[in-house]
Amino acid sequence: MSIAQNLHQVRQAIADAARRAGRDPAGVLLLAVSKTFGADAVIAAADAGQRAFGENYLQEAVDKIAQVRALRPELALDWHFIGPIQSNKTRPVAEHFDWVHAVDREKIARRLSEQRPAHLPPVNICLQVNVSGEASKSGIAPGDLLSLAQAVAALPNLKLRGLMAIPEPADDEPAQRQPFAQLRELQQQLRSAGINTDTLSMGMSADMAPAIAEGATIVRIGTAIFGKRDYAK
Ligand SMILES: *Cc1c(COP(=O)(O)O)cnc(C)c1O
């Protein structure tokens, strides 16, 4: 199957999941995760109508963004950095990306704000939360989220948009939905504390439908669009 055909199927699946949840499919943004795939794959997706692309590895992403721009300068794409960020590597992220999804420390946020070029709009930020059952060490603990959100909301060159999570894989639907529901409740708690956000970045190829059922506004989809990744390359 081609990238265009895969994209068509993924859009269909998003629309089906949204309708089953009583939601407007237009409220779910498809982020095409193009990590490990080349500029040619990005261009094929863009030619099939895809605008938002997610990348995890900084150097690969910066090179790819430049290649796509050189090959097809007329394409207006949005680039989202979804990988972990080291504090000494914030500058290229601040310079090349429209969104950053995995902010979990104030230091990173402060540097992104300081290093955002003045001619660009604020960077859209999601705070990564370590929701229940996550073995990974990344993501802020739910109990520390409010103070991080307050700090990020106060930074001039960032726009706090919402929350992001990468739950452990689970095999049944109730277990898949639980951490997504938790992320939605955390967003609600921020709202009660006066911090309004509009984004829940949650759901990947294997758990997109349960994420949409719990309110995802961005799903991050790689494999279902581009195929299996080959990290050996
Ligand atoms: C790789 C990646 C994805 C895409 O995962 P698929 O299972 O290929 O859809 C989404 N989010 C993050 C943070 C990733 O690293």
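These legends walk through close-up views of a predicted model, covering the ligand, its pocket and one loop residue. Local features need pLDDT of at least 70 and side-chain atom pairs pLDDT 80 or more, while totals for chains, interfaces and linings use all residues. Residues are numbered from 1 along each chain as its sequence is written, and side-chain values use heavy atoms, with hydrogens and water left out.

**View 1. The shell around the ligand.** Welcome to the binding site: 13 residues surround the ligand (each with a heavy atom within 4 Å of it). Lys35, Asn56, Ser205, Thr223 and Arg229 are the closest. By class, the shell holds 6 nonpolar, 4 polar and 3 charged residues (Ala, Val, Leu, Ile, Met, Phe, Trp, Tyr, Cys and Pro count as nonpolar, Asp, Glu, Lys and Arg as charged, and the others, Gly among them, as polar).

**View 2. Polar side chains at ligand oxygen atoms.** A polar side-chain atom of Ser205 lies 2.5 Å from an oxygen atom of the ligand. For Lys35 and for Arg229, the corresponding distance is 2.7 Å. On its own the ligand has 390 Å² of accessible area, and the protein covers 90% of that (Shrake-Rupley method, 1.4 Å probe).

**View 3. The largest pocket.** Here is the space taken by the ligand, which is the largest pocket. Its volume is about 610 Å³ (the space filled by probe spheres set on the grid points). A pocket is an open set of points on a 1 Å grid where a 1.4 Å probe fits, with protein on both sides within 12 Å along at least five of seven lines; lining residues have an atom within 4 Å of a point. Among the 30 lining residues, Lys35, Ile166, Met204, Arg220 and Arg229 are the closest to the centre.

Definitions and conventions: Polar contact = N/O pair within 3.5 Å; in protein donor to acceptor, adjacent residues only side chain to side chain. Sits in = over half its atoms within 2 Å of the grid points.
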